[in-house]
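User: Please take a close look at the charged side-chain pairs in this model. I should like one connected account that begins with the pairs themselves and then follows them into their surroundings.

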Amino acid sequence: MKQIAYNKSASFEYFIEQKYEAGIVLEGAEVKSLRAGNCNLKDSFCFIRDGEITLKNMHVPVYDKSGAFNSKDSKRDRKLLLHKYEIDKIVGKINAKGMTLVPIALYFKDNLIKVEVALCRGKQNYDKKQTIKKRDIERDTKRQLKDY
């Protein structure tokens, strides 16, 4: 399982409750660009329209050798492939609890490209400060153990 991209800001901005693995609908030139490792998930998010989950703002740069048969829009909406019962479960939790669906990682699984999406709850400012404090403490303890 080779990882293409990881959304580091998602774990800082949200409490991750539950993760799902989804397929993604891509064009050929986009797949070639992803195989080269070009992708950005930083500002991307998922929304539900007509019973389908769509990934928005995922930046996949245009593959330079694709010629005239490529899509020029690098931030187009991309459909995610999940089972109907999984979509229904996600829709129920988003509507009832005020959660959001955020892409966490993009990776290869065998020859397929998969997206790991997570149901998340937003963090408040004091939660983010605690996360920073915890990260600093862990870094200091690792440094002290290394010097010991």
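Analyst: In this predicted model, D136 and R139 form a salt bridge in which the closest N and O atoms are 3.0 Å apart. Both residues belong to helix α4 (residues 125-147), and because they are 3 residues apart there, about one helical turn separates them. D136 has a relative accessibility of 32% and so counts as partly exposed. R139 is likewise partly exposed, at 40% relative accessibility.

Helix α4 holds a second pair with this spacing, D140 and R143, which lie 3 residues apart and hence about one helical turn from each other. They form a salt bridge whose closest N and O atoms are 3.3 Å apart. The relative accessibility of D140 is 38%, which places it among the partly exposed residues, and R143 is partly exposed with a relative accessible area of 45%.

Elsewhere, salt bridges with shared partners join E30, R76 and R78 into one network. The count of salt bridges comes to 10. Within the network, the side chains of R78 and E30 meet at 3.0 Å, N to O. This pair connects distant parts of the chain: R78 lies in strand β5 (residues 78-81) and E30 in helix α2 (residues 28-35), with their positions 48 residues apart. As to exposure, R78 has a relative accessibility of 1% and therefore counts as buried, the limit being under 20%. E30, with a relative accessible area of 5%, is buried as well. The general basis of such contacts is that side chains of opposite charge can pair when their charged atoms come close.

The surroundings of R78 are best read through its strand. Strand β5 has a covered face, made of R78 and L80, and an uncovered face, made of K79 and L81. On the β4 side, β5 is joined to β4 by 3 bridges, and the two strands run antiparallel. One residue of β4's pairing can be named: L55 has R78 as its bridge partner in β5. R78 thus takes part in a strand pairing as well as in the salt bridge with E30. On the β2 side, 2 bridges join β5 to β2, again in an antiparallel arrangement. There L80 is the bridge partner of I24.

These pairings belong to an open sheet of 7 strands, ordered β1-β6-β7-β2-β5-β4-β3, with antiparallel pairing. Its edge strands are β1 and β3 (45-49), each of which pairs on one side only. From one strand to the next, the twist averages 40°. In general, the strands of a sheet pair through backbone hydrogen bonds, either parallel or antiparallel. Further along the order, β2 and β7 pair in the antiparallel sense over 9 bridges, and one of the links is between I16 and its partner C120 in β7. Helix α3 lies across β2, β3, β4, β6 and β7, and runs at about 150° to β2.

L80, which shares the covered face of β5 with R78, also leads into the nonpolar interior. The largest nonpolar core has 25 residues, and L80 is among those with the most contacts inside it, together with C39, I53, M58 and L106. Elements that each supply at least two residues of this core are β1 (2-6), β2 (14-24), β4 (52-56), α3 (84-97), β6 (100-109) and β7 (112-122). The largest share, 4 residues, comes from β7.

L106 illustrates how this core draws on separate stretches of the chain. With neighbours within four places in sequence left aside, L106 is in contact with Q3, I4, A5, L34, C39, L41, M58, I113, K114 and V115. Another core of 7 residues lies apart from the largest one, and its members include A10, I104, A105 and Y107.

A last side-chain pair, without charge, concerns aromatic rings. A search of the whole structure finds 1 aromatic pair. The ring centres of F45 and F47 are 6.4 Å apart and the planes stand at 40°, so the pair is classed as tilted. F45 is partly exposed at a relative accessible area of 33%, and F47 is partly exposed at 22%.

In summary, the named pairs in α4 join partly exposed residues, D136 with R139 and D140 with R143, whereas R78 and E30 are buried.

Terms used. Residues numbered from 1 in each chain as written. Predicted model: local features only at pLDDT ≥ 70, side-chain atom pairs only at ≥ 80, totals over all residues. Heavy atoms only, no water. Core = buried A, V, L, I, M, F, W, Y, C linked by side-chain atoms within 4.5 Å. Buried < 20%, exposed > 50% of the residue type's maximum accessible area, 1.4 Å probe, protein only. Contact = heavy atoms within 4.5 Å. Pairing = 2+ DSSP bridges. Axes fitted to C-alpha atoms, helices over the stretch in contact; angles between N-to-C directions. Salt bridge = Lys/Arg side-chain N within 4 Å of Asp/Glu carboxyl O. Phe/Tyr/Trp six-rings, centres within 6.5 Å; stacked < 30°, edge-to-face > 60°.
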